[in-house]
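User: I am new to this structure and would like to learn how to read its features one at a time. Could the discussion begin with the peptide bonds and then move to larger elements?

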Amino acid sequence: MKDTQTTATAQQRPPCTERIFSFDDASLSPLTVLEDPTGESGLGTGATVWDAALVLAKYLERRMTTTTTTTTTTTTEPDSGSATATVRWSRRPLPRPLHCVELGAGTGVVGLALARLLRARSSAMGTQTQDSVVLTDKPSLLELLRTNVARNFGGNGDDGMATDGLVQVQALDWTQDADAQAIPRPIDLIILSDCVYHQPLHDALAHTLDQLAGPETEILLVHESRKFDEEAQFFAKLGVRFTFHDLKPEDMHPEWQSEDIHAFSARRR
Ligand SMILES: C[S@@+](CC[C@H](N)C(=O)[O-])C[C@H]1O[C@@H](n2cnc3c(N)ncnc32)[C@H](O)[C@@H]1O
């Protein structure tokens with residue numbers, strides 16, 4: 001898997017490393033996000049761009065560029081083999097307009113990549129974007145998220161709102177029920193990368209997904225496997241309420257996948 005380019009910037013205090021995320025489509029401006037892979041900022045794991053984030057962002061790019069037409073056939077059987085009658089969730093076009101929430105967004109690179117792709121989709125159709133991408137994390141990460149929104153989507157950086165309202169930043173601590181309740185509905189898509197890393201948070205994360213997901217919400221979850229048994233327990237618990245199917249290597253970007261990074265699409269049962 002290729003790494004993205006990193007350069008130090010002199011003007012910033014930690015997080016002070018600039019990470020550039022480029023799209024395959026060279027007409028899309030690359031994203032530049034600030035991160036702190038050294039941990040000096042004290043912001044914790046969220047200040048680093050994790051590999052799972054890059055895998056999810058690249059998956060989203062691939063999905064948005066390979067599924068441009070509207071698909072009318074639907075199924076509740078995600079892995080049904082009938083290619084003529086059904087389309088796997090992971091190969092369906094994302095709804096238009098799309099209302100997406102990212103959990104544990106960290107630097108925000110995944111949601112920002114999606115926002116860039118959504119804006120390009122709207123301009124290709126000659127319409128103003130009615131999509132929304134809400135980047136969420138614990139309150140301590142919100143300043144970094146707001147900075148990264150402003151760097152890539154304008155706005156004043158104070159409220160985390162992009163100039164056209166496409167991207168917003170909002171606090172969502174998985175342990176606080178009221179935070180999830182305050183997220184605007186409807187939610188078509190929930191994205192999360194590398195958020196299954198800490199077993200004591202598993203119940204809170206599962207509860208948050210349960211609070212947010214409606215009957216039509218798709219959840220795209222990508223995580224790097226580190227403690228297989230604990231992760232298996234998390235997915236077993238979540239499986240009571242959600243149906244999962246794993247994204248296959250052929251669903252993923254050919255260069256942005258790895259054996260220890262697992263990607264799932266899930267929906268409420
Ligand atoms: C390993 S980092 C992943 C960051 C980013 N998604 C990525 O893949 O680069 C885990 C993320 O979960 C967030 N997180 C941890 N505990 C949380 C909680 N109780 N509520 C919300 N987010 C939390 C962290 O702040 C961090 O952004």
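Analyst: A good starting place is Pro97, which is found in the loop between α1 and β4. The model is a predicted one. In it, a cis peptide bond joins Arg96 to Pro97, with omega about -10°.

User: Which residues does the other cis peptide bond join, with omega of about 0°?

Analyst: That bond joins Arg185 and Pro186. Pro186 has its place in the loop between α4 (177-181) and β7.

User: Which residue has a positive phi although it is not a glycine?

Analyst: Asp194 does, with phi at about 50°. This residue lies in the loop between β7 and α5.

User: How should I read the packing of two helices?

Analyst: Two packed helices are described by the angle between their axes and by the distance between those axes. For helix α1 (residues 51-66) and helix α2 (residues 109-125), the axes come within 8 Å and cross at roughly 15°. Angles under 35 degrees count as roughly parallel, and α1 and α2 are therefore roughly parallel to each other. Their crossing is right-handed.

User: Which residues of α1 and α2 make the contact?

Analyst: From α1 come Ala53, Leu56, Ala57, Leu60, Glu61 and Met64, and from α2 come Val109, Val110, Ala113, Leu114, Leu117 and Arg121. By class, the residues of this contact are 10 nonpolar, no polar and two charged.

User: At what angle do helix α5 and helix α6 pack?

Analyst: Helix α5 (residues 202-212) and helix α6 (residues 228-238) pack at about 30°, and their axes are 10 Å apart. By the same reading, α5 and α6 are therefore roughly parallel to each other. The crossing in which α5 passes α6 is right-handed. On the α5 side, His202, Ala206 and Leu209 meet Phe234, Lys237 and Leu238 of α6. The residues of this contact divide into four nonpolar, one polar and one charged.

User: Let us turn to the sheet. In what order do the seven strands come?

Analyst: A sheet is read by the order of its strands and by how they pair. Here the order is β6-β5-β4-β7-β8-β10-β9, in an open sheet with mixed pairing. β6 (167-171) and β9 (242-246) are the edge strands, each pairing on one side only. On average, neighbouring strands are turned by 20° against each other, direction ignored.

User: Which helices pack on this sheet, and which strands do they touch?

Analyst: α1 packs on the sheet and touches β7 (189-193), β8 (218-224) and β10 (261-268); the direction of α1 makes about 140° with that of β8. α2 also packs on the sheet, touching β4 (99-103), β5, β6 and β7, and its direction makes about 175° with that of β5.

User: In what sense do β5 and β6 pair, parallel or antiparallel?

Analyst: Strand β5 (residues 132-137) pairs with β6 in the parallel sense, over five bridges. Within this pair, Val134 stands opposite Gln168 in β6. By contrast, β8 and β10 pair in the antiparallel sense over six bridges, and Val222 stands opposite Ala263 in β10. β9 and β10 also run antiparallel, joined by five bridges, with Asp246 opposite Phe264 in β10.

User: Finally, how many residues surround the ligand?

Analyst: The ligand is surrounded by 23 residues, of which the closest are Gly46, Ala53, Gly104, Gly106 and Ser193. This shell divides into 12 nonpolar, seven polar and four charged residues. Ala53 also takes part in the contact of α1 with α2.

Technical notes. Residues numbered from 1 in each chain as written. Predicted model: local features only at pLDDT ≥ 70, side-chain atom pairs only at ≥ 80, totals over all residues. Near = placed C-beta within 6 Å. Nonpolar A, V, L, I, M, F, W, Y, C, P; charged D, E, K, R; others polar. Axes fitted to C-alpha atoms, helices over the stretch in contact; angles between N-to-C directions. Helix = DSSP H or I, 4+ residues; strand = E, 2+ residues; numbered from the N terminus. Parallel < 35°, antiparallel > 145°, perpendicular 65-115°, else oblique. Left-handed = near helix turned anticlockwise from the far one by under 90°. Contact = placed C-beta atoms within 7 Å. Pairing = 2+ DSSP bridges.
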